[in-house]
Amino acid sequence: MSRTDLSAIYRDYIACLNKQDWPHLGRFVHDDAIHNGRQVGLSGYREMLEKDFSEVPDLYFNIQMLMLDPPYVATRLGFNCTPKGMFLGLPVNGKMISFAENVFYKFSTGKIAQVWSVIDKAAIEAQLPGLQKR
């Protein structure tokens, strides 16, 4: 797969997430997908995303950086959103927060087979009164 093809597929995947177009998620994610070392499959991947959007109704994936080395994609996604309650174990409770997620994907046959994701939780903590380290 060329870098151009992989870039187009990845950008279409992000558009699918932002539209919450769950019936078409299978165009981008393997049936046996692995997320952070855990076999979740397409159904578990979809459940994870639906939960994210339920807890963060204004969730929007913004590509800040995109690196392509087929079959791998590395990206930095930026978020400005207002989680309803607890988020990553933090009492966000409707406060607008900004943070980034660094994600690596391995594609196989044009679909996401593996995902490694790390969210910058420290950036969120720094925005919440009382959680900053003194």
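Leu90 sits in strand E6, which covers residues 90-91. In this predicted model, Leu90 has a relative accessibility of 6% and therefore counts as buried, the cut-off being under 20%. Along the chain, Leu90 and Leu128 are 38 residues apart, while their C-alpha atoms are separated by 8.6 Å.

**Aromatic pairs**

Ten aromatic pairs are found in a search of the whole structure. One of them joins Phe79 and Phe99, whose rings are stacked, at 5.0 Å centre to centre and with 20° between the planes. This pair links distant parts of the chain, since Phe79 belongs to strand E4 (residues 72-81) and Phe99 to strand E7, 20 residues apart. Phe79 is buried, with a relative accessible area of 5%. Phe99 has a relative accessibility of 8% and so counts as buried.

Phe99 also pairs with Phe87, and here the arrangement is tilted: the ring centres are 5.5 Å apart and the planes make an angle of 45°. Because Phe87 lies in strand E5 (residues 86-87) and Phe99 in strand E7, the pair ties together parts that are twelve residues apart in sequence. Both Phe87 and Phe99 are buried. Phe79, Phe87 and Phe99 belong to one aromatic cluster, together with Trp22, Phe53 and Phe61.

**Helices H1 and H2**

One member of that cluster, Phe53, is among the buried residues of helix H2. Helix H2 runs over residues 41-55, a length of 15 residues. The distance from its first C-alpha to its last is 21 Å, close to the 21 Å expected at 1.5 Å a residue. Besides Phe53, the buried residues of H2 are Gly41, Gly44, Tyr45 and Leu49. The buried residues of H2 pack against helix H1 (3-19) and against four strands, namely E1 (29-35), E2 (38-39), E7 (97-108) and E8 (111-119).

Helix H1 has 17 residues, which should span 24 Å at 1.5 Å a residue; its end C-alpha atoms are 24 Å apart, so the two values agree. The buried residues of H1 are Leu6, Ser7, Tyr10, Tyr13, Ile14, Cys16, Leu17 and Asn18. They pack against helix H2 and against strands E1, E3, E4, E7 and E8.

Strand E1 contains His35. The relative accessibility of His35 is 14%, so this residue counts as buried. Leaving aside neighbours within four places in sequence, His35 is in contact with Val40, Tyr45, Met48, Val115 and Ser117. Of these contacts, Tyr45 is one of the buried residues of H2.

**Backbone geometry**

Most residues other than glycine have a negative phi, and most peptide bonds are trans. Helix H1 is followed by Gln20, whose phi is positive. Asn93 likewise has a positive phi although Asn93 is not a glycine. The table sets out the two residues.

| Residue | Phi | Location | Relative accessibility |
|---|---|---|---|
| Gln20 | about 55° | loop between H1 and E1 | 35%, partly exposed |
| Asn93 | near 50° | loop between E6 and E7 | 52%, exposed |

The peptide bond from Pro70 to Pro71 is cis, with omega near 10°. Pro71 is found in the loop between strand E3 (62-69) and strand E4.

**Surface patch**

On the surface, Tyr72, Phe104 and Trp116 form a nonpolar patch, and their accessible area together is about 310 Å². Phe104 is found in strand E7, the strand that also holds Phe99. The relative accessibility of Phe104 is 47%, so Phe104 counts as partly exposed, whereas Phe99 at 8% counts as buried. Strand E7 thus contributes Phe99 to the aromatic cluster and Phe104 to the nonpolar patch on the surface.

Methods:
Residues are numbered from 1 along each chain as its sequence is written. This is a predicted model: local features need pLDDT of at least 70, side-chain atom pairs count only at pLDDT 80 or more; totals for chains, interfaces and linings use all residues. Side-chain values use heavy atoms; hydrogens and water are left out. Helices (H or I, at least four residues) and strands (E, at least two) are DSSP runs, numbered from the N terminus. The expected span of a helix is 1.5 Å times one less than its number of residues. Buried means under 20% relative accessible area, exposed over 50%, partly exposed in between (1.4 Å probe, protein chains only). Contact means heavy atoms within 4.5 Å. Rings of Phe, Tyr and Trp (its six-membered ring) pair if their centres lie within 6.5 Å; planes under 30 degrees apart count as stacked, over 60 as edge-to-face and the rest as tilted. Patches are made of residues with over 30% relative accessible area and no salt bridge: like charges are joined within 9 Å, nonpolar side chains (Val, Leu, Ile, Met, Phe, Trp, Tyr) within 5 Å. Accessible areas come from the Shrake-Rupley method with a 1.4 Å probe; for residues, only the protein chains shown count as cover. A salt bridge is a side-chain nitrogen of Lys or Arg within 4 Å of a carboxyl oxygen of Asp or Glu.
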